[in-house]
Amino acid sequence: MVDFLFEDIFTLTKLDPDGKKFDKVSRIEARSEQFDMYMQLDVNTEIYPLHPGDKFTMVLAPTLSLDGTPDSGYFSQGGRKSLADKFEYVMHGKLYKISEEGSGPNVKVEIYVSFGGLLMMLKGDPSNAANFELDQRLFLLMRKV
């Protein structure tokens with residue numbers, strides 16, 4: 001079984017808050033239900049359309065193997081079942097920055113990941129960032145609920 005780095009249900013609050021910059025990509029802002037995390041994420045809305053008010057499950061996982069086998073870095077065309085089969089939208093990326101904002105009990109951690117130029121910023125309580133490491137490769141998986 002795969003140990004997820006992060007999993008929660010998000011509600012999309014804003015679509016392209018700074019205006020539409022690209023034809024096929026939108027930046028979304030969303031807030032999670034369980035951990036009260038804030039997320040900005042670039043999504044290819046041509047293949048995965050989203051609208052304000054949509055709810056979706058978002059998972060960050062280190063591998064797509066159902067048994068938790070570490071990712072080899074190579075795509076296998078063997079037709080084996082994977083974690084991606086349970087989701088509608090999947091991206092592979094690299095965590096490039098972890099930073100803290102605020103002080104004392106109000107401290108928030110920010111996690112930045114690049115998925116081939118599509119960016120994600122996940123912000124919230126530092127306890128939710130314990131499993132993340134700089135330069136870590138991970139998969140983002142989404143499915144509407």
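This report walks through the fold, the nonpolar cores and a few individual residues of a predicted model.

## Overall fold

Let's start with the whole chain. It contains 0 helices and 8 strands, and reading along the sequence gives the pattern β-β-β-β-β-β-β-β. These strands form a closed barrel of 8 strands in the order S1-S2-S3-S7-S6-S5-S8-S4, with antiparallel pairing. From one strand to the next, the twist averages 35 degrees.

One of the pairings in the barrel is S4 with S8: the two run antiparallel and are joined by 6 bridges. If you would like a place to look, find alanine 61, which stands opposite phenylalanine 139 in S8.

## Size and packing

The C-alpha trace spans about 45 × 35 × 25 Å along its principal axes. The chain's radius of gyration is 15 Å, and this agrees with a compact globule because such a globule of 145 residues would have a value near 15 Å.

Of the 145 residues, 42% count as buried. Contacts across the sequence are worth a glance too: among those between residues at least 6 apart, 59% join residues at least 24 apart.

## The nonpolar cores

In soluble globular proteins, nonpolar side chains tend to be buried together. Here, the largest nonpolar core has 31 residues, and the members that touch the most others are Leu41, Met58, Leu60 and Leu122. At least two residues of this core come from each of the strands S1 (6-15), S2 (25-32), S3 (38-44), S4 (55-61), S5 (89-101), S6 (108-115), S7 (118-124) and S8 (137-144). Strand S6 gives the most, with 4 residues.

Methionine 58 is a handy residue to centre your view on. Not counting residues up to four places away in sequence, methionine 58 touches Phe6, Glu7, Asp8, Phe10, Met39, Leu122, Leu140, Leu141 and Met142. There is also a second, separate core of 8 residues, and its members include Val2, Ala61, Leu83 and Phe139. Two of the residues named there, Ala61 and Phe139, are the ones that stand opposite each other, with phenylalanine 139 in S8.

## Serine 32, a polar residue in strand S2

Serine 32 is found in strand S2. Its relative accessibility is 5%, so serine 32 counts as buried, the cut-off being under 20%.

What does the side chain of serine 32 do there? One partner is the side chain of aspartate 8, with which the serine 32 side chain makes a polar contact at 2.9 Å. The side chain of serine 32 also reaches the backbone nitrogen of aspartate 36, at 3.1 Å. Leaving aside neighbours within four places in sequence, serine 32 is in contact with Asp8, Ile9, Phe10 and Met37. Aspartate 8 therefore appears both as a polar partner of serine 32 and, with Phe10, among the residues that methionine 58 touches.

## Two loop aspartates with positive phi

Two loop residues have backbone angles you may want to check. Aspartate 16, in the loop between S1 and S2, has a positive phi of about 50 degrees although it is not a glycine. At 17% relative accessibility, aspartate 16 counts as buried.

Aspartate 135 lies in the loop between S7 and S8. Its phi is near 65 degrees, again a positive value in a residue other than glycine.

Terms used: Residues numbered from 1 in each chain as written. Predicted model: local features only at pLDDT ≥ 70, side-chain atom pairs only at ≥ 80, totals over all residues. Heavy atoms only, no water. Core = buried A, V, L, I, M, F, W, Y, C linked by side-chain atoms within 4.5 Å. Buried < 20%, exposed > 50% of the residue type's maximum accessible area, 1.4 Å probe, protein only. Contact = heavy atoms within 4.5 Å. Polar contact = N/O pair within 3.5 Å; in protein donor to acceptor, adjacent residues only side chain to side chain. Pairing = 2+ DSSP bridges. Axes fitted to C-alpha atoms, helices over the stretch in contact; angles between N-to-C directions. Rg over C-alpha atoms; globule rule 2.2 N^0.38 Å.
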